[in-house]
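The following exercises guide a reader through one molecular structure. Each task is followed by a solution in steps.

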Amino acid sequence: MSANTTSNSQNNGNGAGLIPRPIEDDPNDVTTDEEDGPGQLSDSSLEELQDNDFPAYFTERNGRLYPSEANSVYSLPVDTPEQERYTVNHIMLKRILGVDYQGATDSALTPDPTRSRRVLDLCCGNGKWVLDMAVHAPHAQFVGVDIVPIATRYPPDNVQFELLDVNSDLRWDNGHFDLVHARDVLMAVKDYDVLLHEVARLLRPGGQFLSVEWSNQLAVHISFPGNIEDIAPATVHFFDTVHHILAELGVDIDGSRVSANITASNYFTDTNIRQIYVPVGTWSQNAQMDEIGSSFRTALKRMARGFRQMFLDYGLSDDEVDVLTAAFIQEIQMVDGLVAFVHITSAERR
Ligand SMILES: C[S@@+](CC[C@H](N)C(=O)[O-])C[C@H]1O[C@@H](n2cnc3c(N)ncnc32)[C@H](O)[C@@H]1O
């Protein structure tokens with residue numbers, strides 16, 4: 001699958017679009033990757049989606065929209081409420097760390113007088129990170145890929161959104177990108193080591209991989225007594241249930257393990273690992289963290305409701321799902337001191 005969700009000069013941005021067309025090798029095409037231009041809008045393997053193609057990418061179940069791609073392992077919806085959750089998470093992380101994670105992208109994006117820097121965002125969702133980074137680094141060209149067309153069709157000139165399955169071989173040549181960013185992708189990935197292999201192939205030597213993943217369980221902030229099992233048992237049970245089901249689907253969402261995978265892969269050097277916390281709720285003494293905690297709690301409730309179909313598919317009854325979800329939501333509403341950890345790993349391609 002390779003389709004462009006954006007409008008471009010061939011389309012005049014009038015709402016009609018390009019649709020996927022089979023990739024054919026043209027023996028007369030002697031353009032190199034460099035000559036193709038960074039934005040790839042001239043890429044003949046891409047066609048813009050037509051308005052009436054959009055529904056085909058979604059399946060509706062109990063009033064929520066999911067990716068229709070048969071091979072997808074992704075268990076959460078991809079509809080407007082979910083996209084709002086991505087936006088909340090994006091704004092939160094941006095407020096805490098800045099869109100570039102406090103300069104973590106600087107070395108990969110140092111302007112090069114000979115060509116534009118190129119950035120790939122895997123599972124870009126509604127594209128908020130790409131769009132903000134495109135302002136932060138206007139000299140770079142950005143591509144965001146996702147399995148569903150949920151990013152804007154009218155991005156700025158240095159941004160393109162494409163429909164691609166990250167569990168497949170991606171269409172670019174070896175060493176094409178300076179920076180690959182993958183945030184909150186674990187639920188989408190069948191085998192993280194395979195993805196790392198592809199990321200390593202796509203990065204030039206010295207290029208950078210930036211992974212940002214959430215821990216798979218909430219924790220208790222160091223300034224509060226007690227452990228999570230005692231303070232928030234319904235929360236632990238909720239996430240344990242999620243992990244159990246995802247593990248049966250072959251999906252591992254433990255963000256704390258990603259840096260070890262990156263190191264073990266041997267593709268990367270200069271691995272830099274950071275861990276920050278995000279408060280759940282309004283218990284922080286710091287006004288900004290309090291606001292963030294309030295938004296994050298809302299986002300977590302939304303995520304919890306998003307797992308409903310996965311629980312039902314696993315065999316839980318409606319009542320069981322209601323109890324599991326309500327207990328978790330009530331707990332994060334009542335219990336002070338809860339946090340989620342974010343694991344930020346930056347590594348350089350050997
Ligand atoms: C939790 S969202 C994260 C979005 C974005 N990275 C962010 O941080 O805001 C996960 C995204 O992965 C996408 N996704 C799921 N399966 C995918 C696949 N096989 N290939 C590409 N994207 C996928 C979903 O559509 C969704 O937009």
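A crossover between two strands is called right-handed if, with the strands pointing away from the viewer, the path from the first strand over the helix to the second runs clockwise. The model is a predicted one.

**Exercise 1.** Determine which unit is made by E7, H5 and E8, and how the strands E7 and E8 run.

*Solution.*
Step 1. Locate strand E7 at residues 177-183, helix H5 at residues 192-202 and strand E8 at residues 203-214.
Step 2. Strands E7 and E8 run parallel and are joined by 6 bridges. Within this pairing, His 181 is placed opposite Leu 210 of E8.
Step 3. Together with helix H5, the two strands make a β-α-β unit, and this unit is right-handed.

**Exercise 2.** Identify the sense in which E8 pairs with E11, and state how many residues of E8 are buried.

*Solution.*
Step 1. Strand E11 covers residues 338-349, and its pairing with E8 is antiparallel, over 7 bridges. Here Gln 208 faces Glu 348 of E11.
Step 2. A residue counts as buried if 20 or more other C-beta atoms lie within 10 Å of its own.
Step 3. Of the 12 residues of E8, 9 are buried; the strand is therefore largely enclosed by the rest of the structure.

**Exercise 3.** Establish where the buried residues of helix H5 lie around its axis, and what they pack against.

*Solution.*
Step 1. The buried residues of H5 are Tyr 192, Leu 195, Leu 196, Val 199, Ala 200 and Leu 202.
Step 2. Viewed down the helix axis, these residues fall within an arc of 160°, so they line one face of H5.
Step 3. A general rule helps here: an α-helix has 3.6 residues a turn, so residues three or four places apart point the same way.
Step 4. The buried residues of H5 pack against E4, E7, E8, H8 and E11.
Step 5. Arg 201 also lies in helix H5, but this residue is partly exposed, with 17 other C-beta atoms within 10 Å. Arg 201 and Gly 175 are 26 residues apart in sequence, while their C-alpha atoms are 6.2 Å apart in space.

**Exercise 4.** Find the buried residues of helix H8 and name elements that cover them.

*Solution.*
Step 1. In helix H8 (residues 258-265), the buried residues are Val 258, Ser 259 and Ile 262.
Step 2. Their arc around the axis is only 100°, which puts them on the same side of H8.
Step 3. The elements that cover these buried residues include H5, E8, E10 and E11.
Step 4. After H8 comes Asn 266, with a positive phi near 70°.

**Exercise 5.** Decide for Asn 62 and for Cys 123: is the residue buried or exposed?

*Solution.*
Step 1. Asn 62 is found in the loop between strands E2 and E3. Its phi is positive, near 50°, although Asn 62 is a residue other than glycine.
Step 2. Asn 62 has 8 other C-beta atoms within 10 Å and is therefore exposed.
Step 3. Cys 123 lies in the loop between strand E4 and helix H4. Not a glycine, Cys 123 nevertheless has a positive phi of about 55°.
Step 4. Because Cys 123 has 22 C-beta neighbours inside 10 Å, this residue counts as buried.

**Exercise 6.** Describe the residues around the ligand by class, and state which come nearest.

*Solution.*
Step 1. The shell around the ligand holds 11 nonpolar, 4 polar and 5 charged residues.
Step 2. Of the 20 residues around the ligand, those that come nearest are Tyr 74, Tyr 86, Cys 123, Gly 125 and Ala 188.

Notes:
Residues are numbered from 1 along each chain as its sequence is written. This is a predicted model: local features need pLDDT of at least 70, side-chain atom pairs count only at pLDDT 80 or more; totals for chains, interfaces and linings use all residues. A residue is near a molecule or strand if its C-beta atom, placed from the backbone, lies within 6 Å of it. Ala, Val, Leu, Ile, Met, Phe, Trp, Tyr, Cys and Pro count as nonpolar, Asp, Glu, Lys and Arg as charged, and the others, Gly among them, as polar. Helices (H or I, at least four residues) and strands (E, at least two) are DSSP runs, numbered from the N terminus. Two strands pair if DSSP finds at least two bridges between them. The arc is that of the directions from the helix axis to the C-beta atoms. Two residues are in contact if their C-beta atoms, placed from the backbone, lie within 7 Å.
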